[in-house]
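User: Please take a close look at one part of this model, the salt bridge that involves the residue named below, and place it in the context of the whole protein.

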Amino acid sequence: MTTLVDEIKDGRKNLRGANLRGADLRGADLRGADLRGANLRGADLRGADLRGADLRGADLCDTNFDGATITYRGISIIVRFEKKEDPR
């Protein structure tokens, strides 16, 4: 049985309103994907390519974008997060 994650890895780009909560999408090619209104809460998008993806209205709470490439106003951005020590 093919899952939605399998379809994404095979190149599916129409993901409008898709439920991808907690999905493992590390390194996924999501260039130009329509993710409007998608549930990406807690998804793992480390190293994913999201250049040109439409994320309007998507739930991005707790989504891991470390190392992902995202386009904003024609500029490609590679997201890097650092864990900081608690100063307490």
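Analyst: In this predicted model, Arg 51 counts as partly exposed, with a relative accessibility of 36%. The partner of Arg 51 in a salt bridge is Asp 49, and their closest N and O atoms lie 2.5 Å apart. Asp 49, by contrast, is buried, its relative accessible area being 15%. The threshold for burial is under 20% relative accessible area, and partly exposed residues fall between that value and 50%; the pair therefore joins a buried acidic residue to a partly exposed basic one.

The two residues also belong to a wider arrangement. Salt bridges link Asp 49 and Arg 51 with Lys 13, Asp 29 and Arg 31 in a network. Side chains of opposite charge can pair when their charged atoms come close. Across the protein, the count of salt bridges comes to 12.

Two further pairs may be set beside this one. Asp 54 and Arg 56 meet through their side chains in a salt bridge, with an N to O distance of 2.5 Å. Arg 56 counts as exposed, at 57% relative accessibility. In the other pair, Asp 44 forms a salt bridge with Arg 26, the closest N and O atoms being 3.8 Å apart. Both Asp 44 and Arg 26 lie in the loop between α1 (4–9) and β1 (49–50), so this pair ties together parts that are 18 residues apart in sequence. Asp 44 counts as buried at 14% relative accessibility, whereas Arg 26 is partly exposed at 46%.

As for the surrounding architecture, the protein contains one helix and three strands, and their order along the sequence is α-β-β-β. Of its 88 residues, 34% count as buried. The exposed surface amounts to about 6,000 Å², of which carbon and sulfur atoms supply 46%. Among contacts between residues at least 6 apart in sequence, 1% join residues at least 24 apart.

The nonpolar interior can be described in similar terms. The largest nonpolar core has 21 residues, and those with the most contacts inside it include Leu 15, Leu 30, Leu 35 and Leu 50. Leaving aside neighbours within four places in sequence, Leu 15 is in contact with residues including Leu 4, Ile 8, Leu 30, Asp 34 and Leu 35.

How values were computed. Residues are numbered from 1 along each chain as its sequence is written. This is a predicted model: local features need pLDDT of at least 70, side-chain atom pairs count only at pLDDT 80 or more; totals for chains, interfaces and linings use all residues. Side-chain values use heavy atoms; hydrogens and water are left out. Helices (H or I, at least four residues) and strands (E, at least two) are DSSP runs, numbered from the N terminus. Buried means under 20% relative accessible area, exposed over 50%, partly exposed in between (1.4 Å probe, protein chains only). Contact means heavy atoms within 4.5 Å. Accessible areas come from the Shrake-Rupley method with a 1.4 Å probe; for residues, only the protein chains shown count as cover. A nonpolar core is a set of buried Ala, Val, Leu, Ile, Met, Phe, Trp, Tyr and Cys residues joined through side-chain atoms within 4.5 Å. A salt bridge is a side-chain nitrogen of Lys or Arg within 4 Å of a carboxyl oxygen of Asp or Glu.
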